[in-house]
Amino acid sequence: MKMPEVLISEQDLARRISELAAEIERDYDGEGREASDPLVCVGILTGSVFFMVDLLEKVKFLPVVIDFFQTTSYRGGTSPGEVRIRKDLDTAIRGRDVLLIEDIVDTGYTLRTILDLLRFRGAKSVRLCSLLNKERARQVPVPIDYKGFDIDDVFVVGYGLDYDGLYRNLPYIGVLDGEDVGE
Ligand code: IMP
């Protein structure tokens with residue numbers, strides 16, 4: 001299999017993720033926070049899993065609980081931007097601080113839907129941490145509180161991100177050339 005060209009190396013990912021973890025720990029009062037009031041960290045399956053594990057491993061003192069959403073979106077067709085929830089949270093989030101952890105914000109429809117839902121359910125606060133941001137692809141506004149890297153509007157794979165289910169286990173973020181993605 002031809003390997004995708006490196007866009008963000010393993011070393012650069014590790015360095016930036018350590019910085020994000022330190023920021024999160026500081027902002028949520030890591031050591032001072034009671035175990036009775038943990039930060040609810042919510043990953044969006046499946047792409048965010050690699051990032052979430054590495055990020056939370058580096059958050060040393062902050063008490064956290066973790067949970068997941070799984071979504072599907074319908075691109076093209078009659079309902080552009082319609083996002084459906086395939087797996088909902090098991091955790092009640094009313095009155096709690098929630099940190100959403102996502103691999104990439106592209107059009108913004110997925111995150112916009114989930115942010116609105118969590119606020120509607122009465123979370124005390126909802127912030128977003130995304131490893132990657134494709135600002136130029138945005139269709140709806142989504143504020144990113146903790147952002148790893150801005151990238152151009154190119155299709156990327158690796159470190160959790162897939163093309164047709166493949167490449168999630170690449171240790172870096174890579175770009176497939178046009179031929180590989182059927183352009
Ligand atoms: P959005 O709703 O358009 O912001 O899309 C978010 C989801 O689309 C992400 O969680 C990814 O699963 C997927 N996605 C968007 N851009 C890429 C990409 O470049 N590579 C792989 N998946 C992507």
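Strand β5 (97-105) is mostly covered, with 9 of its 9 residues buried; here buried stands for under 20% relative accessible area, exposed for over 50%, and partly exposed for the range in between, with a 1.4 Å probe and protein chains only. Helices (H or I, at least four residues) and strands (E, at least two) are DSSP runs, numbered from the N terminus. The model is a predicted one, in which local features need pLDDT of at least 70 and side-chain atom pairs count only at pLDDT 80 or more, while totals for chains, interfaces and linings use all residues. Residue numbers start from 1 along each chain as its sequence is written, and side-chain values use heavy atoms, leaving out hydrogens and water.

Two strands count as paired if DSSP finds at least two bridges between them. Strand β5 runs parallel to β2 (residues 39-45), to which 4 bridges join it, and Cys41 stands opposite Leu99 of β5. Strand β5 also pairs in the parallel sense with β6 (residues 125-133), over 8 bridges; in this pairing Leu100 has Leu128 of β6 opposite. Just after β2 comes a feature worth a look: the peptide bond between Leu45 and Thr46 is cis, with omega about 5°. Thr46 itself sits in the loop between β2 and α2 (49-57).

Strand β5 also matters to the description of the ligand site, as it gives the largest share of the surrounding shell, 4 residues. Both β5 and α3 (109-120) supply at least two residues of this shell. Of the 16 residues around the ligand, Thr107, Gly108, Thr110, Lys134 and Val156 come nearest, where near means that a heavy atom of the residue lies within 4 Å. The shell divides into 7 nonpolar, 3 polar and 6 charged residues, counting Ala, Val, Leu, Ile, Met, Phe, Trp, Tyr, Cys and Pro as nonpolar, Asp, Glu, Lys and Arg as charged, and the others, Gly among them, as polar.

Three side chains can be followed to oxygen atoms of the ligand. A polar side-chain atom of Thr107 lies 2.4 Å from a ligand oxygen, while for Glu102 the distance from a side-chain N or O atom to a ligand oxygen is 3.0 Å and for Asp103 it is 3.1 Å. The protein buries 86% of the 490 Å² that the ligand exposes when taken alone, with areas from the Shrake-Rupley method and a 1.4 Å probe.

Elsewhere, an open sheet of 3 strands is ordered β1-β9-β8 with antiparallel pairing. Its edge strands, β1 (5-8) and β8 (156-157), each pair on one side only. Strand β9 (residues 173-175) and β8 are joined in the antiparallel sense over 2 bridges, and Val156 has Val175 of β9 as its bridge partner. In the segment after β9 lies Leu176, which counts as buried because its relative accessibility is 7%. Leu176 and Val154 are 22 residues apart in sequence, and their C-alpha atoms are 8.9 Å apart in space.

The loop between β8 and β9 holds Tyr159 and Asp164. Phi is positive in each of these non-glycine residues, near 50° for Tyr159 and about 55° for Asp164. Tyr159 counts as buried because its relative accessibility is 7%, whereas Asp164, at 70%, counts as exposed. A positive phi, near 60°, is also found at Asp29, which follows α1. Helix α1 (residues 10-27) has 18 residues, and its buried residues include Leu13, Ile17, Leu20 and Ile24.

Note on methods:
The expected span of a helix is 1.5 Å times one less than its number of residues. A polar contact is a pair of N or O atoms within 3.5 Å; within protein, one must be able to donate a hydrogen and the other to accept it, and residues adjacent in sequence count only if both atoms are side-chain atoms.
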